[in-house]
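Hi everyone, thanks for coming. I'd like to walk you through one structure today, so let me put it up on the screen.

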Amino acid sequence: MLAALLPLVGMLPTFTLSGVIGSADGPLHIMRIHAMTLMLQSGELWPRWVPYFHLGYGYPIFNFYPPGVFYLGGLLGLLGISAQTAFTVVAALAWSTGSVGMYVLARRFIPGRAALLAAMLWAYAPSRLYEVWDQGSLPQMLAAAAVPWLFYGITRAAFQPSRRAALIVALPLAAIILTHQPITFITALFAAPLALILPLWASCQDRTYITQRFAAVFGGLALGVGLATIFLLPLFTELQYVQAAAGTDDNVAYLLSNYLQPQEIFAQPQAMDLSDMRYELPTTFGLIGGLLTVPGAITLFRRRQYGLLLLLLLALAVTLFMLVEQSLPVWLTIPLFRQLRFSERFLRVGVVFLSLLGGASILLLPRRVQLAGLLAALALVLVAALPMAYPSQRTLDWGALTAVDEIEFELDRHIWGTTSYNEFNPLWGETTSLDRPRGYRDYAEQPLHIKVESDDLPTDVQIERLDDAAIRISTPNEQTLSFRQYYFPGWTATLDGQPADIYPEAHLGLITLDVPPGEHTIALDYTGTTAQHIGAAITAASLIIALALFATGRSSQTISSPKCELLDGRAFVFVSGGIIAFALVNLFVFTPMLFFRITSPPDSPAYMQTRLDTTFGNEFTLLGYTLNQDSVNPGGLLNVTLYWRVQHDLEAEYRPIVQLANLSITESWAVRQPFFPGSGQTTGWLTDQFMSDVHEMRVIDTAPPYVGRIMVQMVEAQSGEPLHLPDGSDRLLLEPLIRVNGTGEPARQVLNNDLGGVVQLWCASVTTQDDQYMIDLYWHVTQTPNADLVTLVHGLDVAGELVEQGDGPPLAGNYPTSLWLPGQTLHDVYTLPQNPNIASIAIGLYAPSRNNERLAVTQDSQPVPDNIIRLSLIEAQCSA
C-alpha cells in the first residue's frame, strides 16, 4: 500500500492542471488515445488503421506502433473519460504500478523497509520525472512500469515454478511488447540472460525441479510473446510496406548527439528557472541514487548475497556503458538497436538495478534505527527530486477534442500521422501530399468518413455519400475513381455488393478502382490481412491458455524473503499520513509559491556565467553565455549555452549558427545549427522571458591541436541572411580561447636543431609547386615560449645574400607560440617565390616584442652562426 502511495507527491499536481503539460510527446499520444476511442466506438475490436490521420489520407499507426497504452486509454474513453484525462489517469496508473512492482521485486531479496526505499528510488528517479514533465511518452512510462514486474516474474518462476508463476512472466512481457518497442529491446538485453541464469542459480540451492524451473520461465516468456502476437506478426510481415523498412540515414549521427557525458549520469538536477522559455529536464540517474548504491553494495556483500550483488553490478555496468559514446560499436552491432536513437532510454531499465542496490543501503544501519533511517532516506530522495517535480511548461487544453484538432496539430507541428519521421507512410505512390483536406472541418462530426478525390472527375459524374466509407455514384462512362485514403494491404471494396478490385494510383498511392457506366454503390472496408488474422488467432489462443493457467494452477508456496520487521500499524499510519500530508502541502503551498524553482530577471539569467548584451539586428539580444570547458579533444564535444532575448514580437523565424573556428576565421572545426534556437519557433518567443540555447558541438577528428574561438551568428531561417551587430559585422566571437587537445602530427627527427631551448626543428622539406617553394617545417616544443614568435624565412643566394623573404607567424597566426605546449609536434608551412637565384633557405625564430631578437640556434649542442638554420632545396620524408 505504501509503495502504491509513494508517487502521490509527484502525481497529484498532474490532476490539477487545466489540460495536460505541453511535453514533447504528450500531445500526440493524446491524439492517439482519442483516435483509439473513436475506432472502438465504431465497432473495431483491435484497430490498426485511422482514416483521418495523415491529413485524412489514413495511417496504419496501430499496426506498427504498439497500441497497448492507447487501447487502455480508449477503454477509458468508452466510459466517457476525455483523452486528456485518460492520459493523466494512465500515467498515474503506470507510476503506482511500477512503484509496487519495484517493491515486490526488491522484497524478494531484501527486507521490507529496504524494499520500500527501493520503490521510492524508482518512483522519484529523474528519468521518471523526465517522462512526466518533459518527454511525456506515455507508452514508455507504462512499459518501464512493467519492467520490475517482468524481472520479478522470472525470479518467481525460477525459484518457485508453477503455472501461475509462468503467468507472472507472461503478463508483464506482453505489456512491455504491446506498449513500447525500445523498452522491449532494452529489457530483452537483460531479461534473456536472466532467464538462463536464475533457473540454474535456483537449482544450485535445490537440485530438484530444474526442468520445471526452465519450463516455467521460458513457457512464461513464450506465452507473453503469444499474447502480443496480434501486434508482432503483422509488424514483422508488413513492415516492408512502409517507409520505416528503409531505415533512416541519420541514426549514427543521432546516437552520437544523444549520448550522455560521464558527468551527467549521476548529476543532481538544478532548480528550474521559470523565466527560461526552454524547458528541458536532465537525463540522469540522479546524485542520491548514485550515492546510495555504494552502501547498498557493501550491505549485500556483508550479507553474503554475492550472486545478487554480482548480477546487479554487471547489469548496472552494462547500463552505464550503453549510455556513453564508447558503446557505439555495440549499438551498431546488435540488430535494430540503432533504431532506438536515444541512449538515455537505458535509464528506464537501469534504474531497477540502481534502486535495488540503493534500497539495501539502510541495512548498514543498526536494526533499532533502521526505521528512522528509512524515513530520512525517503525524505532525502523526495527533496532531491523536487526540482523536477513541477510543471514549468504551458498546458494544452483542447476542450472537446475532435479529429479536426488532430489535423491542425499535424499541420502546425509537422508531425504527420502523429509520428516524428512519417515512418509508417505506405510506400505506394511517387510522392507524399501534405495538403489540407478540402472541407476538413467535416471531420469534427464525421471523423471516420473517407472523402472521394473528385477534382478530376467529369461534371456529369454524380456522387452521393451513404455513410463514412460508402458512396453512390452515377456515371455515363467508365470511370477511374480514387479515394482520399492510402492504399494498404487489408483494404477491400465492394461494387454493388460484389468484391471489386482496388489498386494504388501512381502519384499518391491512393485507393483506386475502375467503375463501369451506370449507377453503383461502392463501399470500402478495412478487413485486415492474413497475418493480422493469424496474429489475432494466436493471441486469442494465448488468452485461453493464460486463463487456464490461472484457473488450474495453484499458488506456489510463499517465496522465502529476508526476514525483517515490517512497519507496524502506528508506523504505517505515520508514514502514509506523512506522504499524504506532504503531497497536499506540496500541491497547495509549494507549487503556487514556486518553491524549489527560481525566477530570474528576464535580462539576467541565474545560470548565465558571462554577460554580453550584444544586439543582433535589433531583433535579438545575446544576453551572455555559459561555458564550462576551455579545451576539447578531436572528435569530442564542446558545450556552450547561449542566452537570447527578443526585443519585440518577431514576424520571421531565425536560427543560430554556432561554430568553433580558428583564430583567423578561415576554418571551422565544429558547427551546430539547430533549426530553431531551443528547438522552438522564434515567432512564439516572449519579450518578458529569455531562451537558453544549448549547443553541443562535435569537433572534427582532424582538428589540429591549436586554439580557437566560438563564433555566433543569427540568420533568417528562410533566406539564410545573417543579422548584423552594431559594429556592422555579422558574427560575434566569444572571448575565451578553446584549446583543441593533442600532440600534433607525428614526424621523424631528421635534424637536431634547437632554438632558444624552447623549440626544436625536427624535420624540414622544400618542394616546388606553382612557381613557388613550399617549405614544410616540423616544430617540436620542449618548453612553452614566453613570447609570441615570428618565423624567419629567407631565400639566400650562393653568397648568403637575401633574395626573397617570407617571414610570418608560425601556423599562419592560428596558434601563437606563447600557447604552445611541451611535447607537441606542429606542422608549419611557408612559401617563397621560386626565384632561380635562391640557393638555400634560412629558417629562424625571433621575438618582435624584444626588438626582433632571434632565438639562439644550436646544432648538436653547438652554436650556429647568425642563429639561422640553412636548408638545402631538397625534399625530405618527414612524416613518421
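**A walk through the fold**

Let's begin with the inventory: the protein chain has 22 helices and 33 strands. Please keep in mind that this is a predicted model. In extent, the C-alpha trace covers about 105 × 90 × 55 Å along its principal axes. The chain has 880 residues, and buried ones make up 54% of them. For those of you who like contact maps, take the contacts with a separation of 6 or more: 74% of them join residues 24 or more positions apart.

Now to the sheets. I'll start with the one made of six strands. This is an open sheet, and its order reads β28-β25-β24-β23-β31-β32, with antiparallel pairing. At the edges sit β28, residues 825–833, and β32, residues 862–863, each of which pairs on one side only. Inside that order, let's zoom in on β23, residues 753–755, and β24, residues 759–769: these two strands are joined by three bridges in the antiparallel sense. If you want a residue to click on, try Asn753, which stands opposite Leu761 in β24.

While we are around β32, have a look at the loop between β32 and β33 (869–871), where you will find Asn867. Asn867 is not a glycine, yet its phi is positive, about 55°. Is Asn867 buried, exposed or partly exposed? Its relative accessible area is 24%, so Asn867 counts as partly exposed.

There is another residue to flag on the same theme. Asp613 also has a positive phi of about 55° without being a glycine. Asp613, however, belongs to a strand, β13, which runs over residues 610–616. With a relative accessible area of 40%, Asp613 is partly exposed.

On to another sheet, this one with five strands. It is open and antiparallel, in the order β4-β5-β11-β7-β8. Its edge strands, β4 (462–467) and β8 (498–500), each pair on one side only. On average, neighbouring strands here are turned by 30° against each other, ignoring direction. At one end of the order, β4 and β5 (residues 470–475) pair in the antiparallel sense over five bridges. Within that pair, Asp467 stands opposite Ala470 in β5.

Let's finish with helices. A packed pair is described by the angle between the two axes and the distance between them. The pair I picked is α13, residues 229–238, with α21, residues 530–552: their axes come within 7 Å and cross at roughly 155°. Since angles over 145 degrees count as roughly antiparallel, that makes α13 roughly antiparallel to α21. As for handedness, α13 passes α21 in a right-handed crossing.

Which residues of α13 and α21 meet? From α13 we have Thr229, Ile230, Leu233, Pro234, Thr237 and Glu238, and they meet Ala531, Gln532, Ile534, Gly535, Ala536, Ile538 and Thr539 of α21. By type, the residues of this contact divide into seven nonpolar, five polar and one charged.

One last stop, still on α21: this helix also holds Ala551. Its relative accessibility is 61%, which means that Ala551 counts as exposed. As a reference point for anyone measuring along, Ala551 and Trp95 lie 456 residues apart in sequence and 29 Å apart in space, C-alpha to C-alpha.

That's my tour. Thanks for listening, and I'm happy to rotate the view for anyone who wants another look!

Definitions and conventions. Residues numbered from 1 in each chain as written. Predicted model: local features only at pLDDT ≥ 70, side-chain atom pairs only at ≥ 80, totals over all residues. Heavy atoms only, no water. Pairing = 2+ DSSP bridges. Helix = DSSP H or I, 4+ residues; strand = E, 2+ residues; numbered from the N terminus. Axes fitted to C-alpha atoms, helices over the stretch in contact; angles between N-to-C directions. Parallel < 35°, antiparallel > 145°, perpendicular 65-115°, else oblique. Left-handed = near helix turned anticlockwise from the far one by under 90°. Contact = heavy atoms within 4.5 Å. Nonpolar A, V, L, I, M, F, W, Y, C, P; charged D, E, K, R; others polar. Buried < 20%, exposed > 50% of the residue type's maximum accessible area, 1.4 Å probe, protein only.
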